[in-house]
Amino acid sequence: MREAWVIGAASNRFGKMPETGREAATRVALEAIRQSGLEPKDIGYTFVSNCFGLTEKQGHVGPLINGGLGIPEVPSCTIESACSSSSAALHEAFVHVAGGFTDAALVVGVEKLSHLDTLTATSYFAEAADYAFETKNGATFPGLYATLANAYQKAYPMAPEVLGSVAIKNHANAARNPHAQFQKEISMDTYLRSPMIASPLRLYDCCPFSDGAAAVVVAAKEFVRHPVTEPLVIRASARSGSITEMQDRPDLLGLPATRTAAEKAFRQAGMEPKEIDFLEVHDCFTIAELFALEDLGFLPRGTAGRAEVEGVTARDGKLPVNPSGGLKAKGHPVSATGASQVVEIFEQFNGLAKGREVPRTETALAHNVGATGGSCSVHIFSRR
Ligand SMILES: CC(C)(COP(=O)(O)OP(=O)(O)OC[C@H]1O[C@@H](n2cnc3c(N)ncnc32)[C@H](O)[C@@H]1OP(=O)(O)O)[C@@H](O)C(=O)NCCC(=O)NCCS
């Protein structure tokens, strides 16, 4: 296998995009390529993620993005893995580059949802759960994650302030991130007074619906030669899956796909959790950040809440988690989320995360989950 690097990464501001998904995707892709020091003609393959393009009446968006980049002859394909779509696309780019099938690949994730109302968007999203057992019976993602939160709370009782501390931290980080949808801090009082969405999850426990686009350029070390940015060396690119139907899982105290993806990733990288400087994890709901910390192997089961309350995961804490603001506050434009986690790591490594820098940036981990954990990606990066 060849060593593969991330040499460019770009994102727009999440929230509401004035342009179409295709236009936004092309714009961020061009920005990521420009930043990498390559030219569009150097791209050998484009991997696109766009779960809900059909709501814009636009499928098969890859060739259109490539056309906009002036490389219509370059192959493309759309990768779908629910909320972990663009990390799955990154994995495919890694496989192609590391395997020698192409020297440079483009990963683009894009979603436009702001033309849908909450009910419609919730219904579309729920299709990523198990239709026969969950969606058909009225399950939605806030409801499914509330079920997980209730199971966890039963095993490890916690005050509302525990989940609140995750929301407050991530909002504080997003307030310093120009790519974030919610650039505002919240207080515990605001959190506790916010409406209940699906008990115990309140408004500020939930990620929002977001438009957004993010792009990443992956290239072989020997192809880049003179990098113009500080590359992220991809030390591990691991994916895993697990039983989607929650009623068939042995327990609901975490997401099994995160555990198996993390085991693979740490083995691939030859590293241990204590060697990771900071994390971007999948906090679609605050409870999911606790699961991630425990399933990835950073903290024992039942202890992540205390770590959050004690500030361990703050930007200046022992283990900074989601310096971008996470899905909770940066936003969650489904197919763009995995790529945008890499954008944050790239900006931290390159001194571009002004005002939200973490203390150490030698290594980082990105964790991206599909739905309630039917799929999961874990990527580990380091400096050269
Ligand atoms: C939580 C949720 C139900 C709120 O939707 P809603 O009640 O229709 O809220 P609205 O869109 O009407 O927004 C009302 C206000 O709350 C804000 N808001 C909406 N969602 C928010 C969120 N998740 N966090 C913080 N603020 C939020 C809006 O910006 C708006 O603020 P304003 O009045 O200052 O403009 C919706 O965001 C949701 O379902 N999120 C989860 C999405 C999801 O399941 N994703 C997949 C994860 S696996």
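How many residues surround the ligand, and which of them are the closest? In this predicted model, 15 residues surround the ligand, each with a heavy atom within 4 Å of it, and the closest are Thr118, Cys206, Cys207, Phe209 and Lys328. Residues are numbered from 1 along each chain as its sequence is written. Because the model is predicted, local features need pLDDT of at least 70 and side-chain atom pairs count only at pLDDT 80 or more, while totals for chains, interfaces and linings use all residues, and side-chain values use heavy atoms, with hydrogens and water left out.

Polar contacts, taken as pairs of N or O atoms within 3.5 Å, involve nitrogen atoms of the ligand. A backbone N or O atom of Cys206 lies 2.8 Å from a ligand nitrogen, and a backbone N or O atom of Pro208 lies 3.4 Å from a ligand nitrogen. For Lys328, an N or O atom in the side chain is 3.2 Å from a nitrogen atom of the ligand. On its own the ligand has 920 Å² of accessible area, computed by the Shrake-Rupley method with a 1.4 Å probe, of which the protein covers 63%.

The shell around the ligand divides into 13 nonpolar residues, one polar and one charged, where Ala, Val, Leu, Ile, Met, Phe, Trp, Tyr, Cys and Pro count as nonpolar, Asp, Glu, Lys and Arg as charged, and the others, Gly among them, as polar. Helix 4 (118–126) and helix 5 (141–155), which are DSSP runs of H or I with at least four residues numbered from the N terminus, each supply at least two residues of this shell.

The ligand sits in the largest pocket, in the sense that more than half of its atoms lie within 2 Å of the pocket's grid points. A pocket is here an open set of points on a 1 Å grid over the protein atoms alone, where a 1.4 Å probe fits, with protein on both sides within 12 Å along at least five of seven lines, and its lining residues have an atom within 4 Å of a point. The largest pocket holds about 460 Å³ of space, a volume being the space filled by probe spheres set on the points. Its lining comprises 22 residues, of which Cys206, Cys207, Pro208, Phe209 and Phe285 lie nearest the centre; by class, 16 are nonpolar, four polar and two charged.

Notes. Polar contact = N/O pair within 3.5 Å; in protein donor to acceptor, adjacent residues only side chain to side chain.
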